[in-house]
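Open the model in your viewer and keep the sequence panel beside it. The stops below say what to select and what is found there.

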Amino acid sequence: MMQTHQRLDAGADDKLKAVLDREEIRNLRSLYAHFLDGNLLDRLDDIFTVDAVADTGRGQWNGRQEIRDGLRAAFQEYDRDGQGRYPFMHAVTNHWIEILGPDIAEGRCYLIDFETASKPDPNPLLLLGIYADEYKRVDGNWRISRSRLEHIWPQRNGGGGTPGDGLVLPE
């Protein structure tokens, strides 16, 4: 009886660890949205690996510095009201995560991007998209190592893949 109980505890420990890993990974996208919308781009070190690759539809960026530089350029382009912050609210939802090994995972989540800057069209919806991400645990912390944003609406840019297919990201 005792051995069965110990095996159940070991299985429960593995499940609990997987739940905690998924929650830490899910939090990466939430933090990304808060850091981006708050123009806290220097905080992206808490989100991405040093050698991360990202494609948001504005070209491929290699490494944290290129990611920051690319997002800063986008920020300057979109801050037409001169508010000193991104004129968007990035809402992420429907996060799916699969743990592939002790230090690697992949996932997808939906992006609903609302525009908060003044514009002639009162519709606040800017775009709908899907983030396709790969995650690595580095020094005990999960980070995004590869990311691609597939634009779904108003214009589709393709890619992104589906859960279980492996990521479709540029090499």
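Begin with the lining of the largest cavity, to which H1, S1 and H2 each supply at least two residues. The model is predicted. S1 gives the largest share of this lining, 3 residues. To see the whole wall, select Arg29, Tyr32, Phe48, Ala54, Asp55, Thr56, Trp61, Ile67, Leu71, Tyr131 and Ser147. By class, this lining has 7 nonpolar, 2 polar and 2 charged residues. The space inside is about 50 Å³. The structure holds 1 cavity of 30 Å³ or more.

Next, select arginine 29, in helix H1. Is arginine 29 buried or exposed? Arginine 29 is buried, because its relative accessible area is 1%, and buried means under 20%. Show its contacts: leaving out residues up to four places away in sequence, arginine 29 touches Val92, His95, Cys109, Tyr131, Asp133, Ile144 and Ser147. Tyr131 and Ser147 also appear in the lining of the largest cavity.

Stay in helix H1 and move to serine 30. Serine 30 is partly exposed, with a relative accessible area of 28%. Draw a distance from its C-alpha to that of isoleucine 47: the two are 9.9 Å apart in space and 17 residues apart in sequence.

Now select H2, residues 63-78. Its buried residues are Gly63, Ile67, Arg68, Gly70, Leu71, Ala74 and Phe75. Ile67 and Leu71 belong to the cavity lining as well. What span should the 16 residues of H2 have at 1.5 Å a residue? The expected span is 22 Å, and the end C-alpha atoms are 23 Å apart, which agrees.

Turn to the largest pocket, which holds about 360 Å³ of space. It is lined by 20 residues, and those closest to its centre are Thr56, Tyr78, Asp113, Leu127 and His151. Thr56 lines the largest cavity too. Colour the elements that give two or more residues to the pocket lining: H1, helix H2, strand S3 (88-101), strand S4 (104-115), strand S5 (125-138) and strand S6 (141-153). The lining residues of the pocket divide into 13 nonpolar, 5 polar and 2 charged.

Three points on the backbone come next. In the loop between H1 and S1, select asparagine 39. Its phi is near 55°, a positive value in a residue other than glycine. Asparagine 39 is partly exposed, at a relative accessible area of 27%.

Go on to aspartate 139, in the loop between S5 and S6. Here phi is near 50°, again positive in a residue other than glycine. Aspartate 139 is exposed, with a relative accessible area of 77%.

Then select proline 154, in the segment after S6. The peptide bond joining tryptophan 153 and proline 154 is cis, with omega about 10°.

Finish by colouring the chain by pLDDT. The mean for the chain is 86, and 86% of its residues reach 70 or more. Over residues 160-171 the pLDDT is below 50, and this stretch has 33 contacts in the model beyond near neighbours in sequence. Which helix and which strand mark the lowest and highest confidence? Confidence is lowest in helix H1 (residues 2-37), at a mean of 84, and highest in strand S1 (residues 48-55), at 98.

Key:
Residues numbered from 1 in each chain as written. Predicted model: local features only at pLDDT ≥ 70, side-chain atom pairs only at ≥ 80, totals over all residues. Heavy atoms only, no water. pLDDT = per-residue confidence, 0-100. Helix = DSSP H or I, 4+ residues; strand = E, 2+ residues; numbered from the N terminus. Contact = heavy atoms within 4.5 Å. 1 Å grid on protein atoms, 1.4 Å probe; cavity = no way out; pocket = protein on both sides within 12 Å on 5 of 7 lines; lining within 4 Å. Points joined across faces, edges and corners; volume = space filled by probe spheres on them. Nonpolar A, V, L, I, M, F, W, Y, C, P; charged D, E, K, R; others polar. Expected span 1.5 Å × (residues − 1). Buried < 20%, exposed > 50% of the residue type's maximum accessible area, 1.4 Å probe, protein only.
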